[in-house]
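Take a minute to look over the model below before reading on. We'll go through it piece by piece, beginning at the surface.

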Amino acid sequence: LRSGRSGSALIYAHDAGENAWSSLETAGHFRRDFDVVLYDARGHGQSGTPDSVYSIETHVEDLSGLIRRLPVDSPVCMGRGMGANTVCWLAALHPGSVRALILIQPSGGRDPSDPDRTQPDSLEAGCGNSKPESVSERIPLWEAFERISCPVLILFTEEPAVFPSLYQRRIREANFSNIRTVFCRKATDRFAVKAIESFLHSQIFPISQNLSTDD
């Protein structure tokens, strides 16, 4: 799905078990100001489901291929859950390919001192039928931020998540200068939308100077 508006692109990657239409409630707020692109991830919606297992790297390369095919230049990438993992690692593994990131309920990280270690600290969390391979086998999601230089907004919400949320305190204590965190009730409430708009204005003003600011 694509709004087709001229100008900068905003690509939304949905969570596990969702599809492009599921993304419309959140990403649709910005379709007047961006060329909003919503897609079905591999194994979801109208995209095919391959017989072989696949990793987060596969999701990343799928998205990278979509960006090249459209084509769009340095889009803003937004994702929720599994999709947040995908766009995060896209920025980490392909520096310069993303202008800014908006991550909603990213998953795949836990407190290393947490006695409940039933959920892994690797990228395999939140990847559907993914099998941990290469990067996803070795590196917890939060370490991707050490590789990312673009502006990042993380929204932690009160909404239930399919997978455990990224360990919040660890991100805050890491004090990444390019990362802002916001806590809200849900990703589609007025506060969350205004937080995203504010982030776009302050962090990437040259491409968002015409953002709507209706009150």
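Is Leu 24 buried, partly exposed or exposed? Its relative accessibility is 35%, so Leu 24 counts as partly exposed. Keep in mind that what you're looking at is a predicted model. Leu 24 sits in helix α1, which covers residues 20–27. On the surface, Leu 24 teams up with Leu 1 and Trp 21 in a nonpolar patch, and together they show about 320 Å² of accessible area.

Now step back and take in the whole chain. The protein has 7 helices and 6 strands, and reading along the sequence gives you the pattern β-α-β-α-β-α-β-α-β-α-β-α-α. Of its 215 residues, 52% are buried. The accessible surface adds up to about 9900 Å², with 46% of that belonging to carbon and sulfur atoms. Look at contacts between residues at least 6 apart in sequence, and 72% of them join residues at least 24 apart.

Next, the inside. The largest nonpolar core holds 36 residues, and among those with the most contacts inside it are Ile 11, Leu 101, Leu 103 and Phe 145. Strands β1 (9–13), β4 (100–104) and β5, along with helices α2 (56–69) and α3 (82–93), each put in at least two residues. The largest share, 8 residues, comes from α3. For a feel of the surroundings, pick Ile 11: leaving aside residues up to four places away in sequence, Ile 11 touches Val 37, Tyr 39, Leu 63 and Ile 67, among others. There is also a second, separate core of 24 residues, which includes Ala 20, Ala 192, Ala 195 and Leu 200.

Phe 145 deserves another look. A search of the whole structure turns up 2 aromatic pairs. One of them joins Phe 145 and Phe 176 in a tilted arrangement, with 6.1 Å from centre to centre and 55° between the planes. The two rings come from distant parts of the chain, 31 residues apart: Phe 145 is in the loop between α4 (134–138) and β5 (152–157), while Phe 176 is in the loop between α5 (168–174) and β6 (179–184). Phe 145 counts as buried because its relative accessibility is 1%. Phe 176 is buried as well, at 17%.

On to the charged side chains. The structure contains 4 salt bridges. One of them pairs Arg 2 with Asp 35, where the closest N and O atoms are 2.7 Å apart. Arg 2 belongs to the segment before β1 and Asp 35 to strand β2 (residues 35–38), so this is a link between distant parts of the chain, 33 residues apart. Arg 2 is partly exposed at 42% relative accessibility, whereas Asp 35 is buried at 5%.

Another salt bridge brings together the side chains of Glu 159 and Arg 80, at 3.4 Å from N to O. Why does this pair tie together parts that are 79 residues apart in sequence? Because Glu 159 lies in the loop between β5 and α5, and Arg 80 lies in strand β3 (residues 76–80). Glu 159 counts as partly exposed, at 23% relative accessibility, and Arg 80 as buried, at 12%.

Finally, Glu 197 and Lys 194 meet in a salt bridge of 3.5 Å, N to O. Both lie in helix α6 (residues 190–203), 3 residues apart, or about one turn of the helix. Glu 197 is buried, with a relative accessible area of 11%, while Lys 194 is partly exposed, with 25%.

Definitions and conventions
Residues numbered from 1 in each chain as written. Predicted model: local features only at pLDDT ≥ 70, side-chain atom pairs only at ≥ 80, totals over all residues. Heavy atoms only, no water. Patch = residues over 30% accessible without salt bridge, like charges linked within 9 Å, V, L, I, M, F, W, Y side chains within 5 Å. Areas by Shrake-Rupley, 256 points an atom, 1.4 Å probe, with all protein chains shown as cover. Helix = DSSP H or I, 4+ residues; strand = E, 2+ residues; numbered from the N terminus. Buried < 20%, exposed > 50% of the residue type's maximum accessible area, 1.4 Å probe, protein only. Phe/Tyr/Trp six-rings, centres within 6.5 Å; stacked < 30°, edge-to-face > 60°. Core = buried A, V, L, I, M, F, W, Y, C linked by side-chain atoms within 4.5 Å. Contact = heavy atoms within 4.5 Å.
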